[in-house]
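Reader: I have a structure open and don't know where to begin. Can we go through it together?

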Amino acid sequence: MQVDDTPAAWQEVLRQPHIGAVVLVSLGIWLHAADSLIVATMMPAIVAEIGGGRVVSWAFALYETGTIVAGAASGLLALRHGLRLPMAAAALVFALGCTLSAMAPTMPVLLAGRLAQGAGGGGLAALSFVAVGLLFPRRLMPRAMAVMSILWGAAAFAGPLIGSLFVAYASWRAGFAFFGAQALLLALWIGWWVSGLATPGPGRTGDERLPIKRLALLCLSILLVSYAGIAPNPSTMALALLAGLAALLLFARIDAAAGAGRLWPARPFDLRFPVGSALLMTLGACIATMGLVTYGPILMQVLHASPVIVSGYVIATVSIAWTLGSVMVSGLPERLDPLVIGIGMAMVFASVAGMTYAMPAGPIWLIAAFAAVEGFGYGIANVFVLRRATLLAPRDDVERLSAALPTVGHLGYALGAAVVGILANSAGFHDALGAGEAAHVARWIFGGSFAVALGGALAMLRFVTFRK
């Protein structure tokens, strides 16, 4: 495939014939990202009204489970049906989940709603990546990815703010209804916007059934991994994580033997192939960077007397830098993709090593600086990963790969939460943590995460050195 190095201008993606596709992927990302963030600010009000405080964590775990499972199926659905039907269905499932949550009389009903929201939102996010690969010329793909990064960054700020506004001036139920209405309008719009969305891909098969058994096995894997992140002791956490990984490996093995009915690309985690190295790089980066999000605020408070708002802004620095990086480099020519991906991912993995020192030793500005390095590195790399991966992937796996990239990222976050939980508990993490103990926990968390980062760095080197 010939590389097109014609400079890509912003006005090209923001006018016809591409503006409709930009709106489509933007709305898909917005609904998924913002909804996943508003619940954290609404949860205290939810628990106060309907109870269920003991299973609050499952409101997030089930959302991620739905996201990953639906994302895994999205590539196959796009191959068989094109984009219109799967995207409209995902938006409707999301709207149904919001309706269930808005009307929930008890926490179990709300958990069912969160599962449906995760499935719909995960499908929308994964199909938005597929849409970028199908609806934009190759040279405009990084610009489209940068737009998605901007929307994700905006959601990082607007989501919690919207949630707090609904709690303060209306109700948490109205918050869910607000996003449900948006999803319903999106589904109706997709239903009428036919051009470019209805054509199935080259991988269509005669078997129209979804592989329910494989999806159930993947669901079991994610639930086990999610439980590992909240298990009461290190041994139970390790057992749940190992069982979850075993179920995941079994899923991958069965899926690989499914031929044209595969959910994931062929050889999804094989370093000898470009697709495998791209997905392993993404998985390693997402696992390795979960320490800051999961335990950073607690550690900063204990070690450096950081106010909650300051810790929150340190975490938000990742999203801000990610968005800035994406926008700054998205017009670069395709021949620079390997270089920029290599530099960006090296920054991500280096930030984990930096956190091993900065988190226990401080000061806060140094922690924030490494958070910015992480976000900026991923931002400049991420806009080109999809373009390079689709260049190197077999043609009949492009849709599967496009959907798999964000799905594997969510899988990495779930695995990362479990891994850092095991590391923290093994290092003696507990509620009444002293400064000396917290420093020891921080070294374990980020030192262990850096070991994962090294594996991700190896996959990155393989990915950027492949030739078409």
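**Two helices and the whole chain**

Author: This is a predicted model. Start with helix 15 (residues 398–426) and helix 16 (residues 435–465), which pack at an angle of about 145° with their axes 8 Å apart.

Reader: Which hand does the crossing of helix 15 and helix 16 have?

Author: The crossing of these two helices is right-handed.

Reader: And which residues make the contact?

Author: Helix 15 contributes Val420, Leu423, Ala424 and Ser426. From helix 16 come Val441, Trp444, Ile445, Gly448 and Ser449.

Reader: How many of the residues in that contact are charged?

Author: None of them; the contact of helix 15 with helix 16 has six nonpolar and three polar residues.

Reader: Okay, zooming out. How many helices and strands are in the protein chain?

Author: The protein chain has 16 helices and zero strands.

Reader: What is its radius of gyration, and what would a compact globule have?

Author: The protein chain has 21 Å. A compact globule with 468 residues would have a radius of gyration near 23 Å, so the two agree. Along its principal axes, the C-alpha trace spans about 60 × 50 × 45 Å.

Reader: What share of the residues is buried?

Author: Of the 468 residues, 56% count as buried.

Reader: What about the area the chain exposes, which atoms supply it?

Author: The protein chain exposes about 18,100 Å², and carbon and sulfur atoms supply 70% of that.

Reader: Last one. What share of the contacts comes from residues 24 or more positions apart?

Author: Taking contacts in the protein chain with a separation of 6 or more, such residues account for 83%.

Definitions and conventions. Residues numbered from 1 in each chain as written. Predicted model: local features only at pLDDT ≥ 70, side-chain atom pairs only at ≥ 80, totals over all residues. Heavy atoms only, no water. Axes fitted to C-alpha atoms, helices over the stretch in contact; angles between N-to-C directions. Helix = DSSP H or I, 4+ residues; strand = E, 2+ residues; numbered from the N terminus. Left-handed = near helix turned anticlockwise from the far one by under 90°. Contact = heavy atoms within 4.5 Å. Nonpolar A, V, L, I, M, F, W, Y, C, P; charged D, E, K, R; others polar. Rg over C-alpha atoms; globule rule 2.2 N^0.38 Å. Buried < 20%, exposed > 50% of the residue type's maximum accessible area, 1.4 Å probe, protein only. Areas by Shrake-Rupley, 256 points an atom, 1.4 Å probe, with all protein chains shown as cover.
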